[in-house]
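Colleague: Please take a close look at one part of this model for me. I would like the interface between the two chains, then whatever helps to place it.

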Amino acid sequence: MIVENTDFRIDEPDLSSGYDVALIKRFLIPMGLNFQPGEVDYTVILYTLNDEIIATGSYQGRTLKYVAVAPNYRETTAFALVVTHLIEKVMEHNQQVFVFTRPENIPYFEGLGFSHIATAAPLISILEFGYKGLCDYQTYLRTLKCPSQLGVVSSIVMNGNPFTKGHQYLVEKASAESGLVYLFVVEENRSVFSFDVRWELIERGTAHLPNVILVKGGYYIVSSATFPDYFLKSEEPGVITQKQTELDIRVFANCIAPVLGIQRRYVGTEEYCATTKLYNETMKDILPKEGVELVEVPRKLAEGDGGLISATKVREAIKDHKEEHLADYLPASTLDFIKSARFEPFREKILVSEKRH
Amino acid sequence: MILKEKAQAGTFESSDILIMVEPLEAGAGRKIELKSIVMQQYGDDILQQLHRELDALGVQDVRIIANDKGALALTISARLETAIKRSAGIKAS
């Protein structure tokens, strides 16, 4: 399809075709981007009328990725065309668009009307654009804010997939040691248990703690919009993941904690998952500098000989049909849910899943 | 005119304006977010123009994101009309 009033042609490659993918990879490698077709939902290529590739861009969910323009065409309208095209597609289904890019590209995206959210120097920045934005999320936070409290204001970020006695122990400890606890529930629906169910189980499991306030994590706390594993050659995957955790924590420290007056964040120690462990390490590094105290609480041991409690073990036990041990790991509220008929669709998901989360 | 869905018209290119339209519930009024490279010189004019044309189109409750790259008045007019009509589901006849 020819773009109106230009000498450019826009094309949608077939990402299941090895030929098309190789074409995109060849174009992106010199610009330091390692294109992973599994990490995008859609890609667009801009050609000249001589069939020379001059620009490309992709998105996954509501996040733009791999936007790149050939050096000779950076003075042209190619960049604006690609971004306009991608935004139109993403906004059909979403209220806002994010873009992951390198910090040196911030001015180009700001020039198109994007707003900068956070940077993990020197590799990744995140920007947003659309009807909804960080301001709307902050407005939502203000509606939950409890005025003038005695004691420390704490926070916990929790996926709760599903809510275990370990989670409960962490919340109880934070609740006892603080005046107020904001409990952020990860909203992204990428886990076995849906957001609604996770929220409900956390709500029921913490109902006895009056100073705990549940908060939706939105797109700004551990979401796939702000946390894709993505791009940049010559960097080990470990470094990129580390930068992504840094980005997430900076958003928390700079944009979320000040709105609610959060002074402390509680986390459980991590023994199993390397990514979460890295996330904790990064928090130790950054949060104190930003004025948020980090409290790492050792994980709770299960009653009997079940070892440390973790939601992963719960899902494994369900998968291996060893549900008799679940009572060691789960509070009554979660156990009731697992015994109810509403659990059946999730059981099927667990039985077929291989995923970590 | 009754708006039905989100719609957009225009591009991020120089001398163009990107207009995004989102319907709002009745009584919500107009929420216009204008960004322009000539905000200081023409920001108020553009805003007035948008309001005038929304009046003419009979649109009261709408959120508009307008991202101007120095578009001429007639371009702004055309982009706004197109976005509104797309949002209202009116096809070219």
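Modeller: The contact between the chains comes first, followed by a residue of chain B and the build of chain A.

This is a predicted model. At the interface, 16 residues of chain B are in contact with 19 residues of chain A. The two chains bury about 1500 Å² between them. Carbon and sulfur atoms carry 55% of that area. On the side of chain B, the most area is lost by B:Lys6, B:Phe12 and B:Glu13. Together these three make up 40% of what that side buries.

Now the polar side of the interface. Between chain B and chain A there are zero salt bridges. Polar contacts are present: ten residue pairs qualify, with both partners at pLDDT 80 or more. Three strands of chain B, S1 (7–9), S2 (17–23) and S4 (62–68), each supply at least two residues of the side that touches chain A. S2(B) gives the most, with four residues. By type, the residues on that side of chain B are six nonpolar, four polar and six charged.

Next, a single residue within chain B. B:Ser36 is found in strand S3 (residues 30–36) of chain B. B:Ser36 counts as buried because its relative accessibility is 15%, below the cut-off of 20%. Its side chain makes a polar contact of 2.6 Å with the side chain of B:Asp68. The side chain of B:Ser36 also reaches the backbone nitrogen of B:Val38, at 3.0 Å. Leaving aside residues up to four places away in sequence, B:Ser36 touches B:Ile46 and B:Asp68.

Chain A has its own internal interface. Its domain assignment gives domain 1 (8–132) and domain 2 (135–352). Their C-alpha centres lie 32 Å apart. In contact are 25 residues of domain 1 and 25 residues of domain 2. The two domains bury about 2200 Å² between them, 67% of it on carbon and sulfur atoms. Here too the count of salt bridges is zero. Three residue pairs are in polar contact, both partners at pLDDT 80 or more. On the domain 1 side, strands S4 (63–69), S5 (96–101), S6 (115–120) and S7 (124–130) of chain A each supply at least two residues. That side divides into 13 nonpolar, six polar and six charged residues.

One helix of chain A completes the picture. In H11 (residues 332–339) of chain A, the buried residues are A:Ser333, A:Thr334, A:Leu335, A:Phe337 and A:Ile338. The buried residues of H11(A) pack against helices H6 (195–205), H9 (311–319), H10 (326–329) and H12 (344–352) of chain A.

How values were computed:
Residues are numbered from 1 along each chain as its sequence is written. Chains are lettered from A and ligands numbered from 1 in the order in which they are written. This is a predicted model: local features need pLDDT of at least 70, side-chain atom pairs count only at pLDDT 80 or more; totals for chains, interfaces and linings use all residues. Side-chain values use heavy atoms; hydrogens and water are left out. Contact means heavy atoms within 4.5 Å. Buried area is the accessible area (1.4 Å probe) that two parts lose on being put together, summed over both. A salt bridge is a side-chain nitrogen of Lys or Arg within 4 Å of a carboxyl oxygen of Asp or Glu. A polar contact is a pair of N or O atoms within 3.5 Å; within protein, one must be able to donate a hydrogen and the other to accept it, and residues adjacent in sequence count only if both atoms are side-chain atoms. Ala, Val, Leu, Ile, Met, Phe, Trp, Tyr, Cys and Pro count as nonpolar, Asp, Glu, Lys and Arg as charged, and the others, Gly among them, as polar. Buried means under 20% relative accessible area, exposed over 50%, partly exposed in between (1.4 Å probe, protein chains only). Domain bounds come from an automatic or database domain assignment.
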